[in-house]
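Work through the exercises below with the sequence and the structure at hand. Try each task before reading its solution.

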Amino acid sequence: FPYLIIDNALPIDLYDKLKSNFPNNKKIIGNNEYKENCVYRYNANHSLNDPEISNEWKEFIKYHTSLNFINDVYGVFEESIKKIYKVEKNKLFNENGINENSIGVRFQKQNYFNLDCQFVINTPTSGGTSVIEPHLDNPIEFYAGLLYMKDDDDDSIGGNLTTHTFKDKPSFYGKSRVREDKINLLEEIEYKKNRLVMFLNSPYSLHGVTKRSKTNFYRKYINIIGEFNFELFNYRTFLEK
């Protein structure tokens, strides 16, 4: 499935400034119960209205929830979009396509196309546990980006993104999960600082995260999301009986 990897995705000065202002873990966890090796998120709607979030981060979030960014993503994945979804940019699943009036930040209101740019952490682990097994993302999602912000002193192993293909016909269980014996590994993409991984969501966009070694460090990244207000595909027809 179509994805890209960009190392040194941001100019180092900007990256260092953003990293130094990454929200503290307590803010991201909020009132949720703390659990080991668990994911917690702080979405764009919260960040843009939070006086404690730096101006640099707010500018970063505004761009990645803008029409300009959607156009950049389309430019990168244009041929794959046409091949998988058979749709031109000026249509994008409706007669008017995507424009300033049909987009917005997730959770502010329901739009035709909703965008988010989340702070994400995975809490420390006593080792040998995975954040998430191979799966598909929500079928309403059109694309997703992961900007890794690994701490310089974090010497833990694992927490890497994996991409996969089906060995045979698609087969899912639960919430779009896939059993390891049904798939082949395409690539293991290391979790490292200032690395961007971005992919087009589709019925074939299988990915997961490898087990992490014991660590007291939080796994940190930015999750960039663009999603429609309807499902682009239906994996449920391939659920195991």
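**Exercise 1: Lys 86**

Lys 86 is exposed, with a relative accessible area of 69%. The model is a predicted one.

Task: Decide where Lys 86 is placed and what is notable about its phi.

Solution. Step 1: find the elements on either side; Lys 86 is in the loop between helix 5 (67-85) and strand 3 (103-105). Step 2: read the backbone angle; phi of Lys 86 is near 55°, a positive value in a residue other than glycine. Step 3: apply the cut-off to the accessible area; exposed means over 50%, and Lys 86 has 69%, so it counts as exposed.

**Exercise 2: Asn 37**

Task: Determine whether Asn 37 is buried or exposed, and describe its backbone.

Solution. Step 1: Asn 37 belongs to the loop between helix 2 (25-29) and strand 2 (39-42). Step 2: its phi is near 50°, which is again a positive value in a residue other than glycine. Step 3: the cut-off for buried is under 20% relative accessible area. Asn 37 has 10%, and therefore it is buried.

**Exercise 3: His 135**

Task: Locate His 135, classify its exposure and list its polar partners.

Solution. Step 1: the loop between strand 5 (129-130) and strand 6 (141-148) holds His 135. Step 2: His 135 has a relative accessible area of 6%, so it is buried. Step 3: look for polar atoms around the side chain. A polar atom of the His 135 side chain lies 2.8 Å from the backbone oxygen of Glu 133. The side chains of His 135 and Asp 137 are joined by a polar contact of 3.3 Å. Step 4: set aside the neighbours within four places in sequence; His 135 is then in contact with Ser 176, Arg 177, Val 178, Ser 205, Leu 206, His 207 and Gly 208.

**Exercise 4: The whole chain**

Task: Compare the radius of gyration of the chain with that of a compact globule, then describe the chain as a whole.

Solution. Step 1: count the elements; the chain has five helices and twelve strands. Step 2: for 241 residues, a compact globule would have a radius of gyration near 18 Å; the chain has 18 Å, so the two agree. Step 3: the C-alpha trace spans about 45 × 45 × 35 Å along its principal axes. Step 4: of the 241 residues, 52% are buried. Step 5: consider contacts between residues at least 6 apart in sequence; 81% of them join residues at least 24 apart. Step 6: the exposed area of the chain is about 12300 Å², and carbon and sulfur atoms supply 46% of it.

Definitions and conventions: Residues numbered from 1 in each chain as written. Predicted model: local features only at pLDDT ≥ 70, side-chain atom pairs only at ≥ 80, totals over all residues. Heavy atoms only, no water. Helix = DSSP H or I, 4+ residues; strand = E, 2+ residues; numbered from the N terminus. Buried < 20%, exposed > 50% of the residue type's maximum accessible area, 1.4 Å probe, protein only. Polar contact = N/O pair within 3.5 Å; in protein donor to acceptor, adjacent residues only side chain to side chain. Contact = heavy atoms within 4.5 Å. Rg over C-alpha atoms; globule rule 2.2 N^0.38 Å. Areas by Shrake-Rupley, 256 points an atom, 1.4 Å probe, with all protein chains shown as cover.
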